[in-house]
Amino acid sequence: MKRNMMLGALMGLSSLGLTTNVLAADSVSAQVAAPQVNAALAKAVASEFRTPENTLRDKYRHPAETLAFFDIKPDQTVIELWPGGGWYAEILAPYLAEKGQYVAANFETQPTTDTKQTAYYKSAGLRFEKWASDNKASVGNVQFVTLDPPAKFSLGKDNSADHVLTFRNLHNWAMKGELEGVFKAAYDVLKVGGSFGVVEHRANVGMAAESGYMDQNQMVELANKYGFELTASSEINANPKDSKDYPKGVWTLPPRLAMGEQDKQKYIDIGESDRMTLKFTKTASK
C-alpha cells in the first residue's frame, strides 16, 4: 500500500498544475495510533436520531473512528463542505449542538442559471436546509454558507473555524478545475492550529479524476502548496478489495451500484471504495 501511495505521485494532474515529485514515505504515511472515541461522539454515532439506512454504512465509513482521528471536539466550530444528504451531518450537528457550532457549506439554493446541474444542487440544498430546520431540537442552530465554485468560495471569516471537513468530494471539484480554490478557502477560514480533514476515494497510478478516484500524493502536494502540513494519515477507511478498474468508475461500487443488476453481488462483496483519510493542519497564517 505504501509503495502504491508513493508511486501515485508519478501521476500527472495537469489541471492542478502540480509537479510529479515522489513525496517522502513518512510525509504520506504519518500513521497514528487508533483514535480514542470520546463518550459524546460515541453517543452521537449510536443515536436513534440517525436514519437506519445511514447506520448500515458505518461498516464502510467508520464515522466514530474517523471523527476521532480528525480530533473533532464537541465545543468546536466545524465546517462540512457539501454535506449533501446529511450522512455526516446527522452525527456532527447533534454532537456540536450544545457547546460548538456546525456549519454547512451547502449547495447554491438560488442559482442564477437554470441547468440540470444547478437544479440538482438547488433541490439538494433546499432539502438539507429543511432537514436542519425540521430537526432544530436535535441539531441546534445550524449555520450555512454557500460553496458554489467558481462564483462562491468563501467559507466564512478568516481564522474562524477549528476544522473543515470534506467527505468524498475532491473529485467533483477536480473535474471542474476548482479544487485549488477549495483548498485555499479551507486554509483561509481555519484558525492557526486548525485542520482540514479529507476522506476521498484513493486512486491507483494514472487514474483520472473522472473515475471518481484521486491520487493521494497529489492531494498532499496540493495541500502543501496552500500552506497546509500533513500531520497524520490513517487507513481507517482503506479497502484492499477495491481494484478500482470498473466500467463506471467508483460509482460501480456501493452505494451507487451504477451497473444495475450486472455483477451486482460482485460489487456488493467488494464494498465501498478504498479511501484515503488525511489530516492537514494550518500551522501558521500566510
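Two strands are said to pair if DSSP finds at least two bridges between them.

**View 1. Parallel pairing of strand 1 with strand 2 in the predicted model.** Residues 77–81 form strand 1 and residues 101–106 form strand 2; the two are joined by five bridges in the parallel sense. Within this pair, Val 78 is placed opposite Tyr 102 of strand 2.

**View 2. The open sheet of seven strands.** The strands follow the order 3-2-1-4-5-7-6, and their pairing is mixed. The edges are taken by strand 3 (143–146) and strand 6 (228–234); each has a single partner strand, so one side of each is left without a neighbour in the sheet. From one strand to the next, the twist averages 20°.

**View 3. Helix 7 and helix 11 against the strands.** Helix 7, residues 89–96, lies across strand 1, strand 2 and strand 4 (161–167), and runs at about 145° to strand 2. Helix 11, residues 179–189, packs on the sheet. Helix 11 touches strand 1, strand 4, strand 5 (190–201), strand 6 and strand 7 (275–282), and its direction makes about 145° with that of strand 5.

**View 4. The surroundings of His 201 in strand 5.** The relative accessible area of His 201 is 7%; because this value is under 20%, the residue counts as buried. A polar contact of 2.6 Å links the side chain of His 201 to the side chain of Ser 273. Leaving aside residues up to four places away in sequence, His 201 touches Arg 168, His 171, Gly 212, Tyr 213, Met 214, Val 250, Ser 273, Asp 274, Arg 275 and Met 276.

Definitions and conventions
Residues are numbered from 1 along each chain as its sequence is written. This is a predicted model: local features need pLDDT of at least 70, side-chain atom pairs count only at pLDDT 80 or more; totals for chains, interfaces and linings use all residues. Side-chain values use heavy atoms; hydrogens and water are left out. Helices (H or I, at least four residues) and strands (E, at least two) are DSSP runs, numbered from the N terminus. Axes are lines fitted to C-alpha atoms, for helices over the stretch in contact, and angles run from 0 to 180 degrees between N-to-C directions. Contact means heavy atoms within 4.5 Å. Buried means under 20% relative accessible area, exposed over 50%, partly exposed in between (1.4 Å probe, protein chains only). A polar contact is a pair of N or O atoms within 3.5 Å; within protein, one must be able to donate a hydrogen and the other to accept it, and residues adjacent in sequence count only if both atoms are side-chain atoms.
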